[in-house]
Amino acid sequence: MKANFLYILFFTLLAQSPIIGQIKSLEMKGILYTKQAQGGISISTNGFFLTGSYMWIRNIYYEEGIELDIGYKKHHKEQNTSGYARSGYDIIYGKLNSLYYIRLGVGQRRLLVDKIDIGSIKINYYFFLGTNIGIVKPVYINVLENNDGNNSIQKRIFDHNKHSLNNIHSGTSFTTGFSRSSIYPGLYLKAGLSFDYSTEMGYITSIDMGGVLDFFFRKVPLMEKEIVSDNPEKNLFIDLYISIHFGKKWF
């Protein structure tokens, strides 16, 4: 009984010692960590993307590393016309292609406001730049056609001279058209602020807000120009985004 009491007293005093307090302070400031990885999901003004990064912690003020984004981008004039679909998948009237992309870049994250205690918020600013590989997939629609008196449903790419809401039956599945996709290479630049509100040492829980510029070396034809006159083909996209991230730090 006496021995147990001495053990409890010893560890209680140790936990309250200045040395332990200094170690916790260093851990909170990130000095004890050399690497960190995080991932998240982002919603942008014209789409969404999944994101992940791996960073090397150089000191408490500065990190550098790589990131990978996989996402989808739409034309700002797209309008879902689900009410006209006779059955099955919805229709985006006049849409020619869907744009998916893979960003791979390098960047830095720098400290703006540090945590003053475990319950406060750490604010970083960051930027990344790198390559952007666009995957442009043609959009097919199901069209009602009459051939020699026989009605049938055929998959077609939208043509304003042939197709209208009178003979469009429905949209097609997500996978339709991937075999005919084209590659559109480009570049990107991303910058923003990260608000880390995690209450656990060694973990990251943050909300990021920022902007991203995507540039492709040739214009991406997203919408039928006779339907949408406002930039139906674009090679420059500017988006704002907000995202939530989760991650971990280690030695």
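Let us begin with Q154, which is partly exposed, because its relative accessible area is 27% and partly exposed residues fall between the limits of 20% and 50%. The model before you is a predicted one. Q154 belongs to strand 7, a strand that runs over residues 150-157. Setting aside residues up to four places away in sequence, Q154 touches I141, N142, V143 and E145. For I141, the C-alpha atom lies 8.0 Å from that of Q154, with the two positions 13 residues apart in sequence.

From strand 7 we may follow the chain into the loop that leads to strand 8, where N166 is found. Is N166 buried or exposed? N166 has a relative accessible area of 65%, and it therefore counts as exposed, the limit being over 50%. Its C-alpha atom is 8.8 Å from the C-alpha atom of L144, a residue 22 positions away along the chain.

The loop that follows strand 8 offers another case. T176 sits between strand 8, residues 168-171, and strand 9, residues 182-196. Here the relative accessibility is 15%, so T176 counts as buried; the limit for that class is under 20%. Which residues does T176 contact, once neighbours within four places in sequence are left aside? They are K137, P138, Y140 and K155. With P138, the separation is 38 residues in sequence and 8.4 Å in space, taken from C-alpha to C-alpha.

I turn now to Y54, in strand 2, which covers residues 47-59. Y54 counts as partly exposed because its relative accessibility is 27%. Leaving out residues up to four places away in sequence, Y54 touches K35, Q36, A37, E64, G65, I66 and W250. As for E64, it stands 10 residues from Y54 along the chain, and their C-alpha atoms are separated by 8.4 Å.

Allow me to place these residues in the chain as a whole. There are 2 helices and 11 strands. In sequence order, the pattern reads α-α-β-β-β-β-β-β-β-β-β-β-β, with both helices preceding the strands. The chain has 251 residues, and 42% of them count as buried. Considering contacts with a separation of 6 or more, 67% are between residues 24 or more positions apart. The chain exposes about 14100 Å², of which 62% is supplied by carbon and sulfur atoms.

Next, the nonpolar interior. The largest nonpolar core consists of 9 residues: L99, V136, Y184, F216, V220, L222, M223, V228 and F237. One member, Y184, is in contact with N132, I133, G134, V136, F216, R218, K219, V220 and P221, its neighbours within four places in sequence being left aside. Another core lies apart from this one; it has 8 residues, including F49, M55, F128 and V212.

I come finally to the empty space within the model. Rolling a probe the size of a water molecule over the atoms reveals where such space is left. How much space lies in the largest pocket? The value is about 320 Å³. The lining of this pocket comprises 17 residues, and those nearest its centre are D90, I92, V139, T172 and S173. Two elements, strand 4 (97-113) and strand 6 (140-147), give two or more residues to that lining. By class, the lining of the largest pocket is made up of 9 nonpolar, 5 polar and 3 charged residues.

There are also cavities to report. A search of the whole structure finds 4 of them at 30 Å³ or more. The second largest cavity holds about 90 Å³ of space. Its lining numbers 13 residues, with T51, E67, Y126, D208 and H245 closest to the centre. Which strands each supply at least two residues of this lining? They are strand 2, strand 5 (122-138) and strand 11 (233-250). Strand 2 is also the strand that holds Y54. In the lining of the second largest cavity, 4 residues are nonpolar, 5 are polar and 4 are charged.

To close, I return to the residues discussed at the outset. Q154 is partly exposed, N166 is exposed, T176 is buried, and Y54 is partly exposed. Thank you for your attention.

Notes: Residues are numbered from 1 along each chain as its sequence is written. This is a predicted model: local features need pLDDT of at least 70, side-chain atom pairs count only at pLDDT 80 or more; totals for chains, interfaces and linings use all residues. Side-chain values use heavy atoms; hydrogens and water are left out. On a 1 Å grid over the protein atoms alone, a cavity is a set of points where a 1.4 Å probe fits but cannot get out, and a pocket is an open set with protein on both sides within 12 Å along at least five of seven lines; lining residues have an atom within 4 Å of a point. Grid points are joined across faces, edges and corners, and a volume is the space filled by probe spheres set on the points. Helices (H or I, at least four residues) and strands (E, at least two) are DSSP runs, numbered from the N terminus. Ala, Val, Leu, Ile, Met, Phe, Trp, Tyr, Cys and Pro count as nonpolar, Asp, Glu, Lys and Arg as charged, and the others, Gly among them, as polar. Buried means under 20% relative accessible area, exposed over 50%, partly exposed in between (1.4 Å probe, protein chains only). Contact means heavy atoms within 4.5 Å. A nonpolar core is a set of buried Ala, Val, Leu, Ile, Met, Phe, Trp, Tyr and Cys residues joined through side-chain atoms within 4.5 Å. Accessible areas come from the Shrake-Rupley method with a 1.4 Å probe; for residues, only the protein chains shown count as cover.
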